[in-house]
Amino acid sequence: MKKNCVVIGASHAGVSLAFYLRKEGWEDNIILFDSDPELPYHRPPLSKAYLTSSDDIQKIRLRSAESYKAENIELRLGVTVKKIDRANKSIVLTDNSRQNYDKLVIASGARPIIPPISGIETAKNIFPIRTAANITDIRNALSFSKTKKVVIIGGGYIGLETAASLKKLGASVTVLEREKRILARVTAPEMSNYFQELHSKNNVEVLTAKNVISISYKNNQNIISCEDNTQYNADIIIVGVGIYVNKELAEDASIICNNGISVDETTKTNDSNIYAIGDCSFHYNPHYNRHIRLESVQNAIDQAKVAAASICDKETEYNTVPWFWSDQYDVKLQMVGLSQGYNQIVLRKESGEGTYGDSFSVWYFNDDTLLAVDAVNNAKAYVIGTKFIKTNQKVNREKLADSETILKPVNLID
């Protein structure tokens, strides 16, 4: 009889895993389960191009329906898994039916945090940004709104990208961030200041040190109250304050978890027949010499490749430098590496007027070690930074900071 590789989660990680399995030579059954009834789709465009367009969801499909059939990959969509039964090597669905597995891949991802704000359960037109259905609801709410007043709770990348997109759609947008600066947990003050100014120039109000404590609904509007006694009216509220990792299935099955589902260098859990990949996995990154959990398409795809090879009994291990991106207005931010632990930065300006100009980059160092690069409208800095990080090559910081020095690897070697 054929073996079963069962995958819980059909987003970037799960879908990539299925197709990589076929490339690696897996000839047995592949079955993907996902609670979302939609044919799997790209998630990064949700807060950006997909929100601002009138495109049908077909435009952001990960794969066509025909491609799954061609590779004999079975999709079980709109189906929720409620339990992993390791003893019997099966998963239990909400209708109590079972699906046996020989290999199980958990690609369950994450879900948005809905903070315990007083009155949030009675607020009208309040949405997270996580699924295509969320975007449809936001579009509909905006089309029926007379004043188009939107308040976004959370000044991370998702909140800021959504703010830029909604402004393009003609909304009046206010962002409320609890910390003293936006992007405080992921970037340097210089980057926070830049994006604060960028949104201000585009008439988006970004307010910091705003801890939302309650929401009420009066006179057909939401009233958002903050700890400092300020209030803001909104027709629509977007919540973008972070995510919960979907690790409960693993925890209930006594699979070791920390900040995610713990896996080894092959993405295998403490159960030799169960793997975890994507947003939900807590994995060791040899480049940074620590365990991390990443929310990125790149990580999902890289781990899918590793898991597929491992399932097919091929030698492999995860060893990549993370990268990310963000599009806001006409600005493209490309990020490589992890900046946590930096103790100094170099700000390099390439062109334009003002403090940052049209093109610049922020280079994060821990003493002499380059950890990460944030490049704004500067693909060259991103590419060169990636090369230096991957090779652990030393960078001459004085030359790097001098905008008269042509940005080439040979000119920056210490």
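**Exercise 1.** Determine which strands helix α9 lies across, and how α9 runs relative to β27.

*Solution.* Helix α9 (residues 379–391) lies across β23, β24, β26 and β27. Here contact means heavy atoms within 4.5 Å, while helices (H or I, at least four residues) and strands (E, at least two) are DSSP runs numbered from the N terminus. Next, α9 runs at about 165 degrees to β27; axes are lines fitted to C-alpha atoms, for helices over the stretch in contact, and angles run from 0 to 180 degrees between N-to-C directions.

The model is predicted: local features need pLDDT of at least 70, side-chain atom pairs count only at pLDDT 80 or more, and totals for chains, interfaces and linings use all residues. Residues are numbered from 1 along each chain as its sequence is written, and side-chain values use heavy atoms, without hydrogens and water.

**Exercise 2.** Establish the strand order of the open sheet and identify its edge strands.

*Solution.* The order of the five strands is β23-β24-β27-β26-β25, with antiparallel pairing; two strands pair if DSSP finds at least two bridges between them. The edge strands, β23 (323–328) and β25 (344–351), each pair on one side only. From one strand to the next, the twist averages 15 degrees.

**Exercise 3.** State how many bridges join β25 to β26, and find the partner of Gln344.

*Solution.* Seven bridges join β25 to β26 (residues 359–366), and the two strands run antiparallel. The bridge partner of Gln344 in β26 is Phe365.

**Exercise 4.** Describe how helix α6 is placed against the strands.

*Solution.* Helix α6 (residues 189–201) lies across β23, β24 (331–337), β25, β26 and β27 (369–376). Its direction is at about 165 degrees to β24.
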